[in-house]
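Please examine the sequence and the model together before reading on. The paragraphs below lead from one part of the fold to the next.

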Amino acid sequence: EESPAAVTRLHANTRYFRDGMAARGFALSGDVHPIAPVILGDELLSAAMARAMFDQGIYVRSFSYPVVPRGKARIRTQISAAHSLASLDRAIAAFVSARESTS
């Protein structure tokens, strides 16, 4: 709130990440919020992808039942104004790599 530039960058980063993930076939919950859950559905897949992301140096959290409804397992991501486009690109690429390594 004290820095309009930071808020503008947060919104731009959020849209960039969400659009990049959607373009690569990932389903994200919500629309414009910087907490961007990547919906995977399968609990084991979500946990395996979170581990694969961690192995690539990207820290994300997998959530599954009973935290979320059965069949709605997800990986929680949170975008910030401090992220560079390069770091968001790296995260998106890590999701693609994790999906490929766990399928």
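Which element gives the most to the lining of the largest pocket? The answer is α3, with 5 residues. Before this pocket is examined further, it should be said that the model is a predicted one. The largest pocket holds about 260 Å³ of space. Its lining is made up of 15 residues, and those closest to its centre are Ile58, Tyr59, Val60, Gln78 and His83. In general terms, empty space of this kind is revealed by rolling a probe the size of a water molecule over the atoms.

The sheet may be considered next. Four strands form an open sheet in the order β1-β2-β4-β3, and their pairing is antiparallel. At the edges stand β1, residues 27–28, and β3, residues 61–63, each of which pairs on one side only. The pairing can be followed strand by strand. Between β1 and β2, the latter spanning residues 38–41, there are 2 bridges in the antiparallel sense, and here Leu28 is placed opposite Val38 of β2. Next in the order, β2 pairs with β4 over 3 bridges, again antiparallel; in this pairing Ile39 stands opposite Arg74 in β4. Finally, β3 and β4 are joined in the antiparallel sense by 3 bridges, and Arg61 has Arg76 in β4 as its bridge partner.

The loop between β3 and β4 contains Pro66. The peptide bond that joins Tyr65 and Pro66 is cis, with omega about 10 degrees. As a general rule, most peptide bonds are trans.

A helix accompanies these strands. Helix α2, residues 43–55, lies across β2, β3 and β4, and runs at about 20 degrees to β4, which spans residues 73–76. Leu40 offers a view of this region from within strand β2. Apart from residues up to four places away in sequence, Leu40 touches Leu45, Ser46, Met49, Ala73, Arg74 and Ile75. By contrast with these contacts, the C-alpha atoms of Leu40 and Ile58 are separated by 17 Å, the two residues being 18 apart along the chain. Ile58 has already been named among the residues closest to the centre of the largest pocket.

Attention now turns to the interior. The largest nonpolar core has 21 residues, and within it the most contacts belong to Phe17, Met21, Phe26 and Phe95. Helices α1, α2 and α3 each supply at least two residues of this core. The largest share comes from α3, residues 85–102, which provides 7 residues. Thus α3 has the largest share of this core and also gives the most to the lining of the largest pocket.

What does Phe17 touch beyond residues up to four places away in sequence? Its partners are Leu28, Ala36, Thr77, Ile79, Leu88, Ala91, Ile92 and Phe95. One of these, Leu28, was met above as the residue opposite Val38, and another, Phe95, is itself among the residues with the most contacts inside the core.

Helix α1, residues 4–23, also contains Thr14. Is Thr14 buried or exposed? Thr14 counts as buried because its relative accessibility is 2%, and the cut-off for a buried residue is under 20%. Setting aside neighbours within four places in sequence, Thr14 is in contact with Val32, His33, Pro34 and Ile79. Ile79 is likewise touched by Phe17.

Notes
Residues are numbered from 1 along each chain as its sequence is written. This is a predicted model: local features need pLDDT of at least 70, side-chain atom pairs count only at pLDDT 80 or more; totals for chains, interfaces and linings use all residues. Side-chain values use heavy atoms; hydrogens and water are left out. Two strands pair if DSSP finds at least two bridges between them. Contact means heavy atoms within 4.5 Å. Axes are lines fitted to C-alpha atoms, for helices over the stretch in contact, and angles run from 0 to 180 degrees between N-to-C directions. Buried means under 20% relative accessible area, exposed over 50%, partly exposed in between (1.4 Å probe, protein chains only). A nonpolar core is a set of buried Ala, Val, Leu, Ile, Met, Phe, Trp, Tyr and Cys residues joined through side-chain atoms within 4.5 Å. On a 1 Å grid over the protein atoms alone, a cavity is a set of points where a 1.4 Å probe fits but cannot get out, and a pocket is an open set with protein on both sides within 12 Å along at least five of seven lines; lining residues have an atom within 4 Å of a point. Grid points are joined across faces, edges and corners, and a volume is the space filled by probe spheres set on the points.
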